[in-house]
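Work through the exercises below with the sequence and the model side by side. Try each task before reading its solution.

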Amino acid sequence: MASTACFMIVSRNDIPIYEAEVGTAVKKEDAAQQHQFILHAALDIVQDLAWTTSAMFLKAIDRFNELAVSVYVTAGHILDIA
């Protein structure tokens with residue numbers, strides 16, 4: 001089964017610092033843009049949850065079709081989104 005994951009590190013001001021797509025699926029141009037859209041759409045949820053919980057790992061905060069968004073939040077509120 002072919003799958004692809006998108007990994008992104010986002011600064012406090014919602015500016016992407018690092019982005020990578022890993023996996024074995026054939027890469028399509030629209031898939032990369034779709035991943036970016038889904039991850040940026042999840043940032044609003046992350047910002048609300050980051051201030052209401054002390055957990056650093058927020059598992060499956062958002063879903064779109066078969067894609068799930070999970071987040072690590074650092075102490076400085078840098079976000080590692082996958």
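Two strands count as paired if DSSP finds at least two bridges between them. The model used here is predicted.

**Exercise 1. Describe the pairing of E1 and E2, and the turn that links them.**

Solution.
- Step 1: Locate the strands. E1 covers residues 4-10, and E2 covers residues 16-23.
- Step 2: Check the pairing. Seven bridges join E1 and E2, in the antiparallel sense. That satisfies the cut-off of at least two bridges.
- Step 3: Assign partners. Val10 stands opposite Pro16 in E2. Met8 has Glu19 of E2 as its bridge partner.
- Step 4: Inspect the turn. E1 and E2 make a hairpin, with five residues between them. Asp14, in that turn, has a positive phi of about 65°.
- Step 5: Look just outside the strand. Ser3 belongs to the segment before E1. The C-alpha atoms of Ser3 and Gly23 are 5.6 Å apart, although 20 residues separate the two along the chain.
- Step 6: Classify Ser3. Its relative accessibility is 45%, so Ser3 is partly exposed.

**Exercise 2. Write the order of helices and strands along the protein chain.**

Solution.
- Step 1: Count the elements. The chain has one helix and five strands.
- Step 2: Read them along the sequence. The pattern is β-β-α-β-β-β.
- Step 3: Add the long-range picture. Take the contacts between residues at least 6 apart in sequence: 38% of them join residues at least 24 apart.

**Exercise 3. Which elements build the largest nonpolar core?**

Solution.
- Step 1: Size the core. It holds 17 residues.
- Step 2: Name the residues with the most contacts inside it. They are Ile61, Val69, Val71, Val73, Leu79 and Ile81.
- Step 3: List the elements that give two or more residues. These are E1, H1 (29-50), E3 (57-64), E4 (67-73) and E5 (79-81).
- Step 4: Find the main contributor. H1 supplies the largest share, six residues.
- Step 5: Set this against the whole chain. Of its 82 residues, 26% count as buried. The chain exposes about 5,600 Å², and carbon and sulfur atoms supply 57% of that area.

**Exercise 4. Is Ser70 buried or exposed, and which backbone atom lies 3.2 Å from a polar atom of its side chain?**

Solution.
- Step 1: Place the residue. Ser70 sits in E4.
- Step 2: Apply the cut-off. Buried means under 20% relative accessible area. Ser70 has 18% relative accessibility, so Ser70 is buried.
- Step 3: Find the atom. The backbone nitrogen of Ala60 lies 3.2 Å from a polar atom of the Ser70 side chain.

**Exercise 5. Classify the ring pair of Phe57 and Tyr72.**

Solution.
- Step 1: Count the pairs. The whole structure contains two aromatic pairs.
- Step 2: Take the geometry of Phe57 and Tyr72. Their ring centres are 4.6 Å apart, and their planes meet at 40°.
- Step 3: Assign the class. Under 30 degrees is stacked, over 60 is edge-to-face, and the rest are tilted. At 40°, the pair is therefore tilted.
- Step 4: Place the partners. Phe57 is in E3 and Tyr72 is in E4, so the pair ties together parts 15 residues apart in sequence.
- Step 5: Check exposure. Phe57 has a relative accessible area of 37%, so Phe57 is partly exposed.

Notes:
Residues are numbered from 1 along each chain as its sequence is written. This is a predicted model: local features need pLDDT of at least 70, side-chain atom pairs count only at pLDDT 80 or more; totals for chains, interfaces and linings use all residues. Side-chain values use heavy atoms; hydrogens and water are left out. A nonpolar core is a set of buried Ala, Val, Leu, Ile, Met, Phe, Trp, Tyr and Cys residues joined through side-chain atoms within 4.5 Å. Buried means under 20% relative accessible area, exposed over 50%, partly exposed in between (1.4 Å probe, protein chains only). Helices (H or I, at least four residues) and strands (E, at least two) are DSSP runs, numbered from the N terminus. A polar contact is a pair of N or O atoms within 3.5 Å; within protein, one must be able to donate a hydrogen and the other to accept it, and residues adjacent in sequence count only if both atoms are side-chain atoms. Contact means heavy atoms within 4.5 Å. Accessible areas come from the Shrake-Rupley method with a 1.4 Å probe; for residues, only the protein chains shown count as cover. Rings of Phe, Tyr and Trp (its six-membered ring) pair if their centres lie within 6.5 Å; planes under 30 degrees apart count as stacked, over 60 as edge-to-face and the rest as tilted.
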